[in-house]
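Subject: Structure for you to look at

Hello,

Here is the structure I promised to pass on. Please open it first, then read my notes below beside it.

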Amino acid sequence: MNEGTRTMTRLSLIALSSALAISAASAQQPASKPAMDPGMHMKMMMPMNSDSTATKGYKQSMITMMSGMPAYTGDADVDFMKQMKGHHQAAINMAKVELANGKDAEAKKLAQEIVTAQEKEIATIDAWLKTKGK
C-alpha cells in the first residue's frame, strides 16, 4: 500500500469513527416530550369509576388543593403562609385517606403523625396570618 492510500484509509477511518461517535451521542439524548395540554394534568387527576376508594380520595385531595389555592399577593411571606396552609391541608386529607383505607400499621401511624403535625402547623399559620390582618 502506498503512502497516499494509507493516508486516505486513515482519513476514512477517522471520518467513520467521528460519524459513529456523533450517532451514538445523538442516540443518548432524551427525546423531547410533546407539550402537555395545560388542563391535561387536572383531567388525569379526576377520579374514575375504576379507581379504588383510596385512589379516588387521593385524587380528590389533590384536586381540592389545586383548585383552592389562594391567588399570589406578591408578598413572599404572606404567599408562603397561604400556599403552605393549602399544602398542609392536602397532606391531612391524604393522611385521612390512608387512615380510612390503609392496612399497614406503620403507614397508618405515619398518617396519624402527619395529621397531628400539619394541624398544629396550620394553627400556627392561621395565627400568623391573623396578626398580619390577612
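**What I found**

Val78 is buried, because its relative accessible area is 3% and the cut-off for buried is under 20%. Keep in mind that this is a predicted model.

Val78 lies in helix H4. What does Val78 touch, leaving out residues up to four places away in sequence? The list is Thr73, Trp128, Leu129 and Lys134. Take Trp128 as one of them. Val78 and Trp128 are 50 residues apart in sequence. In space, their C-alpha atoms are 9.2 Å apart.

**The whole protein**

Now step back. The protein has 5 helices and 0 strands. Read from the N terminus on, its elements run α-α-α-α-α. There are 134 residues, and buried residues make up 19% of them. The protein exposes about 9,900 Å². Carbon and sulfur atoms supply 63% of that area.

Next, look at contacts with a sequence separation of 6 or more. Residues 24 or more positions apart account for 43% of these. The pair Val78 and Trp128, 50 residues apart in sequence, is a good place to start looking.

**H3 against H4**

Helix H3 covers residues 53-68. H3 packs with H4 at an angle of about 170°, and their axes are 9 Å apart. Why call the pair roughly antiparallel? The angle is about 170°, and angles over 145 degrees count as roughly antiparallel. So H3 is roughly antiparallel to H4.

Here are the residues that meet:

- From H3: Thr53, Ala54, Gly57, Tyr58, Ser61, Met62 and Met65.
- From H4: Gly86, His87, Ala90, Asn93, Met94, Val97, Glu98 and Asn101.

By class, this contact of H3 with H4 has 7 nonpolar, 7 polar and 1 charged residues.

**The nonpolar core**

Which residues make up the largest nonpolar core? They are Ile92, Ala95, Ala111, Val115 and Ile122, 5 residues in all. Two helices, H4 (76-101) and H5 (105-131), each supply at least two residues of this core. The largest share, 3 residues, comes from H5.

Zoom in on Ile122. Not counting residues up to four places away in sequence, Ile122 touches Lys85, His88, Gln89 and Ile92. Ile92 is itself one of the core residues.

**His88**

Now turn to His88, which lies in helix H4. Is His88 buried or exposed? His88 counts as buried, because its relative accessibility is 7% and the limit is under 20%.

Its contacts, again without residues up to four places away in sequence, are Gln118, Glu121, Ile122 and Ile125. The contact with Ile122 leads back to the core, since Ile122 belongs to it. Also find Ile114. His88 and Ile114 are 26 residues apart in sequence. Their C-alpha atoms are 9.0 Å apart in space.

Best wishes

How values were computed:
Residues numbered from 1 in each chain as written. Predicted model: local features only at pLDDT ≥ 70, side-chain atom pairs only at ≥ 80, totals over all residues. Heavy atoms only, no water. Core = buried A, V, L, I, M, F, W, Y, C linked by side-chain atoms within 4.5 Å. Buried < 20%, exposed > 50% of the residue type's maximum accessible area, 1.4 Å probe, protein only. Helix = DSSP H or I, 4+ residues; strand = E, 2+ residues; numbered from the N terminus. Contact = heavy atoms within 4.5 Å. Areas by Shrake-Rupley, 256 points an atom, 1.4 Å probe, with all protein chains shown as cover. Axes fitted to C-alpha atoms, helices over the stretch in contact; angles between N-to-C directions. Parallel < 35°, antiparallel > 145°, perpendicular 65-115°, else oblique. Nonpolar A, V, L, I, M, F, W, Y, C, P; charged D, E, K, R; others polar.
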